[in-house]
Amino acid sequence: VDATLNLGGVSREAMMGPRGVQGYQEKPAAPSLSTTQRHTKDTDLVALGNIKDATVLFETDTGDTYMLRRAFVSDPVELSSGSGNVRVNWGCFGVERI
């Protein structure tokens, strides 16, 4: 239904001093994918939450495809009874455009 891909890389935080921003500090940021999908009677939430070391493909609206290497479910799977959607957050070892 919906997905958001974060390619990872570097996160920068402003370092403040008495006269304002004095520079920034860099920290590595891991790639991640957040997905929302429909819950059906065949959806096994427990099995979904246990996925690790998987290959996940993410296709954009423009047809580009990204592959998440050694992907794993990073947070507990969430089911919304109101919308019938399942939220799954993924982490991975790397992202490649294929």
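A residue is called buried when its relative accessible area is under 20%, exposed when that area is over 50%, and partly exposed in between. The model on screen is a predicted one, and this tour applies those three words to it at each stop.

**Stop 1: Lys-27 and Glu-13**

Select Lys-27 first. Its relative accessibility is 43%, so Lys-27 counts as partly exposed. Add Glu-13, which is also classed as partly exposed because its relative accessibility is 41%. The two residues form a salt bridge, with the closest N and O atoms 3.9 Å apart. Lys-27 belongs to strand E3 (residues 20-29) and Glu-13 to strand E2 (residues 9-17), so that the pair links distant parts of the chain, 14 residues apart. A search of the whole structure finds six salt bridges; two others appear at later stops, Asp-53 with Arg-70 and Arg-97 with Asp-64.

**Stop 2: strand E5 and its hairpin**

Select residues 54-59, which make up strand E5. Colour the two faces separately: Ala-54, Val-56 and Phe-58 lie on the covered face, while Thr-55, Leu-57 and Glu-59 lie on the uncovered one. Next, add strand E6, residues 65-73. E5 and E6 run antiparallel and are joined by five bridges. To inspect one position in this pairing, pick Phe-58, whose bridge partner in E6 is Tyr-66.

Five residues lie between the two strands of this hairpin. Select Gly-63 in the hairpin and read its backbone torsions: phi is positive, near 95 degrees.

Return to Thr-55, in strand E5. At 57% relative accessibility, Thr-55 counts as exposed. Apart from its neighbours within four places in sequence, Thr-55 is in contact with Met-67 and Leu-68. A distance label between the C-alpha atoms of Thr-55 and Ala-71 should read 5.9 Å, although the two are 16 residues apart in sequence.

**Stop 3: from the hairpin to strand E9**

Select Asp-64, in the loop between E5 and E6, together with Arg-97 in strand E9. These residues form a salt bridge in which the closest N and O atoms are 3.0 Å apart, and they are separated by 33 residues along the chain. Is each partner buried or exposed? Arg-97 is exposed, with 57% relative accessibility, whereas Asp-64 is partly exposed, with a relative accessible area of 26%.

**Stop 4: around Arg-70**

Centre the view on Arg-70, a residue of strand E6. Arg-70 is partly exposed, its relative accessible area being 44%. Two partners should be shown with it.

- Asp-53: the side chains of Asp-53 and Arg-70 meet in a salt bridge, at 3.3 Å from N to O. Asp-53 sits in the loop between helix H1 (45-49) and E5, so the pair ties together parts that are 17 residues apart in sequence. Asp-53 is exposed, with a relative accessible area of 55%.
- Phe-93: Arg-70 lies over the face of this ring, at 3.9 Å from the ring centre. Phe-93 is exposed, with a relative accessible area of 51%.

Keep Phe-93 selected and turn to aromatic pairs. How many does a search of the whole structure find? There is one aromatic pair. Phe-72 and Phe-93 form it in an edge-to-face arrangement, 6.5 Å from centre to centre and with 85 degrees between the planes. Phe-72 is in strand E6, and Phe-93 is in the loop between strand E8 (85-91) and strand E9 (94-97), 21 residues apart. Phe-72 counts as partly exposed, at 29% relative accessibility.

**Stop 5: the largest nonpolar core**

In soluble globular proteins, nonpolar side chains tend to be buried together. The largest nonpolar core here has 13 residues. Select Leu-33, Leu-68 and Trp-90, which touch the most other members. E5, E6 and E8 each supply at least two residues of this core, and the largest share, four residues, comes from E6.

Now isolate Trp-90. Leaving aside neighbours within four places in sequence, its contacts include Leu-33, Thr-35, Ile-51, Val-56, Ala-71 and Phe-72.

Finish on one of these contacts, Thr-35, in strand E4 (residues 32-38). Thr-35 is buried, because its relative accessibility is 11%. With the same sequence neighbours set aside, Thr-35 is in contact with Asp-2, Ala-3, Val-86, Arg-87, Val-88 and Trp-90.

Methods:
Residues are numbered from 1 along each chain as its sequence is written. This is a predicted model: local features need pLDDT of at least 70, side-chain atom pairs count only at pLDDT 80 or more; totals for chains, interfaces and linings use all residues. Side-chain values use heavy atoms; hydrogens and water are left out. Buried means under 20% relative accessible area, exposed over 50%, partly exposed in between (1.4 Å probe, protein chains only). Two strands pair if DSSP finds at least two bridges between them. Rings of Phe, Tyr and Trp (its six-membered ring) pair if their centres lie within 6.5 Å; planes under 30 degrees apart count as stacked, over 60 as edge-to-face and the rest as tilted. A charge sits over a ring if NZ of Lys or CZ of Arg is within 6 Å of the ring centre and within 35 degrees of the ring normal. A nonpolar core is a set of buried Ala, Val, Leu, Ile, Met, Phe, Trp, Tyr and Cys residues joined through side-chain atoms within 4.5 Å. Contact means heavy atoms within 4.5 Å. A salt bridge is a side-chain nitrogen of Lys or Arg within 4 Å of a carboxyl oxygen of Asp or Glu.
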